[in-house]
Amino acid sequence: MSASPLSPEVSTPVLLVGVDFGFPHFDADLQELAQLAQTAGLRPVAHLTCKRKAPDAALLVGSGKADEIKLLAQMHGVQEVWFDQSLSPAQQRNLERYLEMPVNDRTMLILEIFAQRARSHEGKLQVELARLQYLSTRLVRRWSHLERQQGGIGQRGGPGETQIELDKRMIGEAIKRTKERLLKVQKQRSTQRRQRQRQGVFSISLVGYTNAGKSTLFNALVKARAYAADQLFATLDTTTRQMYLAEAQTTVSISDTVGFIRALPHGLVKAFQATLQEAIDADLLLHVVDASNEAFPEQLQQVQQVLHEIGADRIPQLLVFNKLDALPAQRRPAVLQDWYEVDGQQVPRIFVSAAAHQGLDTLRQYLAQTVLAALANDPDATTDPSAIDTDTETTAQAEPPAVA
Ligand SMILES: Nc1nc2c(ncn2[C@@H]2O[C@H](COP(=O)(O)OP(=O)(O)OP(=O)(O)O)[C@@H](O)[C@H]2O)c(=O)[nH]1
Ligand SMILES: [Mg+2]
């Protein structure tokens with residue numbers, strides 16, 4: 001594989017390509033891919049999209065389109081091409097030969113960002129594991145491809161196979177070692193978690209699509225200093241703090257977690273399962289949504305999907321629709337607390353602006369009421385958001401809730 005080492009200091013000019021196969025989440029402007037590229041330290045200088053009924057087995061796109069990509073790449077002096085869609089190992093190789101430059105896909109980009117971002121020992125191990133696993137699937141497939149090329153029936157071996165067998169074994173061993181080291185670190189973490197549970201502390205986890213504003217909200221609520229930035233995956237490690245809720249006269253624990261994203265590489269979901277364990281074990285999820293992003297319904301669904309995958313979809317949720325300040329006047333909701341339907345269920349929702357500190361008192365009151373209900377041992381208690389007594393904060397307006 002020919003992924004160039006990415007570093008934020010070197011900004012490599014790249015061309016972004018998106019192929020529309022008619023899936024609903026096709027991003028015609030390649031906005032998210034561009035943001036991912038920038039986050040990884042690349043400089044998108046041009047982009048190209050095209051429509052196709054089905055992927056071409058050799059190049060993903062047709063050869064005419066590949067010529068166009070090549071021309072555009074030359075015109076803009078780009079050094080790499082990044083596809084929004086997943087490339088098979090064969091497609092990647094063929095495209096690299098055809099375009100005479102490194103070609104990669106979105107999965108690789110996400111893996112690169114995670115690799116750059118990981119700070120803690122555990123985070124680094126998790127990313128390492130995901131990368132090794134990604135690499136090993138590529139090798140397996142590359143190997144079977146070679147085998148088909150070389151071997152007739154009964155014919156075995158060949159120089160390519162031996163080398164790849166070796167690589168496979170080395171990667172297999174590295175995966176095993178990384179897993180063992182990870183297990184050790186995770187044991188410590190789960191001890192800490194058990195201690196918290198034994199103390200009966202009510203635990204809240206912030207989850208949501210990357211860039212929704214989880215860390216900003218976390219900081220606003222606990223006055224911590226978690227890293228918040230306008231880039232994807234600013235946070236990789238879970239941070240947990242204690243938060244005192246005056247209204248309930250009790251202290252709860254609250255955790256900021258890694259952001260979710262559409263089609264998170266499967267290896268990463270698995271690798272980060274331990275980090276997200278925090279979310280799985282929570283008593284309440286604050287699902288933060290960037291209400292100012294027009295793709296928010298899609299992003300919300302993607303988060304639900306990952307929650308389902310990690311077994312956290314049964315935990316009670318409060319939807320926190322953030323960035324209220326960034327909503328244009330015609331999209332501002334009339335009521336700031338209501339219910340919103342997710343997968344056929346009515347989920348309580350509160351609008352806030354974490355950055356402008358709007359709606360935070362209401363949020364705290366909601367949390368206090370939920371904690372009190374839980375302490376009173378009423379498992380079915382779901383606080384009705386519209387029943388929260390708010391005096392100064394609600395800025396109800398006449399317009400209908402166009403966002404809903
Ligand atoms: N206008 C506006 N911007 C906000 C608000 N809350 C957060 N932001 C901005 O949104 C961007 C992302 O915020 P973060 O808090 O880093 O988002 P996150 O969900 O933690 O992102 P990841 O850690 O990448 O998953 C930053 O540029 C914030 O300043 C808000 O209420 N209003
Ligand atoms: Mg964050």
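Colleague: Which residue of E9 is the bridge partner of Leu286?

Modeller: In E9 that partner is Leu318. Leu286 also has a bridge partner in E5, namely Leu206. This is a predicted model, where local features need pLDDT of at least 70 and side-chain atom pairs 80 or more, while totals for chains, interfaces and linings use all residues. Residues are numbered from 1 along each chain as its sequence is written, and chains are lettered from A and ligands numbered from 1 in the order in which they are written.

Colleague: What makes E8 and E9 a pair of strands?

Modeller: Two strands pair if DSSP finds at least two bridges between them. Six bridges join E8 (residues 284-290) to E9 (residues 317-322), so the definition is met. E5 (residues 203-208) passes too, with five bridges to E8. Both pairings are parallel. The labels belong to DSSP runs numbered from the N terminus, with at least four residues for a helix (H or I) and at least two for a strand (E).

Colleague: How do you know that E8 is mostly covered?

Modeller: Seven of its seven residues are buried, where buried takes 20 or more other C-beta atoms within 10 Å of a residue's own, exposed 12 or fewer, and partly exposed lies in between, with C-beta atoms placed from the backbone. Leu284, Leu286, Val288 and Asp290 point one way from E8, and Leu285, His287 and Val289 point the other way.

Colleague: Why is Arg181 called partly exposed?

Modeller: Count its C-beta neighbours inside 10 Å and you get 16. That value lies between the two cut-offs, so Arg181 counts as partly exposed. Arg181 belongs to helix H6 (residues 159-198). Its C-alpha atom is separated by 7.7 Å from that of Leu125, and these two residues are 56 residues apart along the chain.

Colleague: Why is H7 described as largely enclosed?

Modeller: Seven of its nine residues are buried, so the rest of the structure largely encloses this helix. The buried ones are Lys214, Ser215, Thr216, Leu217, Phe218, Asn219 and Leu221. What covers them includes E5, E8, E9 and helix H11 (360-375). After H7 comes Lys223, with a positive phi near 55 degrees.

Colleague: Which helix gives the largest share of the shell around ligand 1?

Modeller: H7 (residues 214-222) again, with three residues. In total 24 residues surround ligand 1, each with its backbone-placed C-beta atom within 6 Å of the ligand. Gly213, Ser215, Asp230, Thr235 and Gly259 are the closest. The shell divides into ten nonpolar, ten polar and four charged residues.

Colleague: Which residues have the most contacts inside the largest nonpolar core?

Modeller: They are Ala37, Val81, Ile110, Phe114 and Val320, in a core of 83 residues. Such a core is a set of buried Ala, Val, Leu, Ile, Met, Phe, Trp, Tyr and Cys residues joined through C-beta atoms within 7 Å. H4 gives the most to this core, six residues. Leaving aside neighbours within four places in sequence, the contacts of Val320 include Leu217, Leu286 and Ile350; a contact likewise means backbone-placed C-beta atoms within 7 Å.

Colleague: Why do E2 and E4 count as edges of the sheet E2-E1-E3-E4?

Modeller: Strand E2 (42-51) and strand E4 (103-105) each have a single partner strand, so one side of each is left without a neighbour in the sheet. E4 is joined to E3 (residues 80-83) by three parallel bridges, and Trp82 has Asn104 as its bridge partner in E4.

Key. Nonpolar A, V, L, I, M, F, W, Y, C, P; charged D, E, K, R; others polar. Contact = placed C-beta atoms within 7 Å.
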